[in-house]
Amino acid sequence: MKKIILLGLIASMPSYYVYADNNQEHTFFSSIGDDPFFKDSKFYLSTRNHWKYLKENAAQQKEVHSAWGQAFSFDYKSGYLFDTLGFDITYNNVIKLGASDYFASRNLLYNHGKGLNKHNATGFNKFTQRYAKIKLGDDDSTVNFNGKMGWHSLKDFGVISSSQHLTRNSYLGYSGTLKYDNFAFSLGYITSTLPRESSRKVHFMSLDGKHVIDNISTAEIAYKDKNMTLDYSYGEAKDYLRRHAIELAYKPIPKLTLGAQFYGSYALKNHDKMKQNVTDFEDHAWHYATDLEWKETDWSIKVGLGYTDANKRNAIGYYHRHLGKNNRARFNGMAATGADYMRDGEWVISSILSYDFIKDNTSGLYLNYGEFNYKHDTLKNGEINVFNIWTPSSGMFKNLSILSKFGYGWSYKTQSVKDITPKLRHGKAQRSPTLSAETAIDYRFNIL
């Protein structure tokens, strides 16, 4: 009897070890799956169909600038290994659907060739973002830190920003933000860029294209609570421009927001080396703006006033939003709601009116009017834009957004594309009308 029991135990041992091994393997993979690095990972597929149109004759004969493309974006965002380290990747593929001559001004398609011929328009693909990320502390902690290193987009980070057409522009470098209670301290350093309309890595350049800007560095300090936001940013495009940006928003009551923005640029040595007809200003330029916004449940109105000081001898100076070529700079003044109303001595009144006629659908108007003096002549320019945005909040179209916009504007003829000084005829500026239109259709699929 003892021999039979012993033989039974021996015979059962291989199956026991198989079970144990399988159980350990199951436990091992379960523990990996439960790790926040994998558990908190997200994977999205996004699509964007974007068309932009402009008809104008400011610097030449009447021309149409039009581009149309389709973009597919794959975004992977990992969780954090040891609740500290992770990485994100964004891949974009853009297909050309249509283009006219001068298409490149719409910043949608890649200009593969010289000149502005429509046959140069092509699609492209790229890894827009690929960076390592680090965090110390959770978002709801009193103290926490978040940092990135590699190719990444920066939206209103210090004096740098990113904007999206078919893709976002991204930068190579590092950035980080340390938060303590209601305060945030940020530092960033970038050396090159992938433009939003290209997969080709390029350097930052001066406006005349003759000087490479080796790097752009920025620092920011911000305070935010439920009623007020105050932000100061400082940055420098090495040897080219120094930039200050101050933004304020205050809510005396929940429905009302009062805002103010101050942006200043100071020329450095490589800016001063450019020819006068290329530069936007001589020594420094500032744009000052203030606004107020009233929001109800189904409608809102925002009105702003801006003024620009950008002296340029015997010409019209201009506050250029960006830090030279191949970058996007932070600018949230209402003068950016349409064409640029930031010429020396120019006052601009801007407004945005919106109303939700039906659920999930917002319609409205962008209105801008600006004027300034040049050689004893008052130049007036403005525009009216009608827009509609449909963003379903439920159902199968929950992640869909459709924007459409159409506008008419009036301005004046300029000396050239680069020189916005008025081209006078018999001592008077010549009127230059514009027509513009845009559609953007976005949809996102949550794969993981």
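Q: Leaving aside its neighbours within four places in sequence, which residues is Tyr240 in contact with?
A: In this predicted model, and setting aside the neighbours within four places in sequence, Tyr240 is in contact with Ser206, Leu207, Ile213, Tyr266, Ala267, Leu268, Asn270, His271, Met274, Leu323 and Gly324.

Q: Which residues have the most contacts inside the largest nonpolar core?
A: Tyr240 is one of them, and the others named with it are Ile160, Ile190, Ile216 and Leu323, in a core that has 30 residues.

Q: And which elements give two or more residues to this core?
A: Those elements are β15, which covers residues 241–253, and β16, which covers residues 256–267.

Q: What lies apart from that core?
A: There is another core, made of 9 residues, and among them are Ala67, Leu109, Phe124 and Leu166.

Q: Let me zoom out for a moment: how many helices and strands does the protein have?
A: The protein has 3 helices and 26 strands, and its C-alpha atoms fill a box of roughly 125 × 50 × 45 Å when this is taken along the principal axes.

Q: What share of the residues count as buried?
A: Of the 448 residues in the protein, 42% count as buried, while the accessible surface comes to about 24100 Å², with 59% of that surface belonging to carbon and sulfur atoms.

Q: What about contacts between residues at least 6 apart in sequence, what share of them join residues at least 24 apart?
A: Among those contacts, 58% join residues that are at least 24 apart.

Q: And the charges, how many are positive and how many negative?
A: The protein has 56 positive and 45 negative charges, and the mean positions of the two sets are 6 Å apart.

Q: Back to the strands, in what sense do β13 and β14 pair, parallel or antiparallel?
A: Strand β13, residues 216–224, and strand β14, residues 228–237, pair in the antiparallel sense over 9 bridges, and the two form a hairpin with 3 residues between them. To find a pair in the structure, you can look for Ser217, which stands opposite Glu236 in β14.

Q: How many bridges are there between β14 and β15?
A: These two strands pair in the antiparallel sense over 10 bridges, with Ser233 standing opposite Ala245 in β15. β14 and β15 also form a hairpin that has 3 residues between them.

Q: Which residue in that turn has a positive phi?
A: That is Asp239, whose phi is about 65 degrees, a positive value in a residue other than glycine.

Q: Why does Asp239 count as partly exposed?
A: Asp239 counts as partly exposed because its relative accessible area is 26%, which falls between the 20% limit for buried and the 50% limit for exposed.

Q: Now for Asn326, where is it found?
A: Asn326 is found in the loop between β18, residues 299–309, and β19, residues 328–329. The phi of Asn326 is near 70 degrees, which is a positive value in a residue other than glycine, and at 31% relative accessibility Asn326 counts as partly exposed.

Q: One last residue: where is Asn117, and what is it in contact with once neighbours within four places are left aside?
A: Asn117 is found in the loop between β4, residues 110–111, and β5, residues 121–122, and, leaving those neighbours aside, Asn117 is in contact with Asp101 and Phe103. Asn117 and Asp101 are 16 residues apart along the chain, and their C-alpha atoms are separated by 4.8 Å.

Key
Residues numbered from 1 in each chain as written. Predicted model: local features only at pLDDT ≥ 70, side-chain atom pairs only at ≥ 80, totals over all residues. Heavy atoms only, no water. Core = buried A, V, L, I, M, F, W, Y, C linked by side-chain atoms within 4.5 Å. Buried < 20%, exposed > 50% of the residue type's maximum accessible area, 1.4 Å probe, protein only. Contact = heavy atoms within 4.5 Å. Areas by Shrake-Rupley, 256 points an atom, 1.4 Å probe, with all protein chains shown as cover. Lys, Arg positive; Asp, Glu negative; His and termini not counted. Charge placed at Lys NZ, Arg CZ, Asp CG, Glu CD. Pairing = 2+ DSSP bridges.
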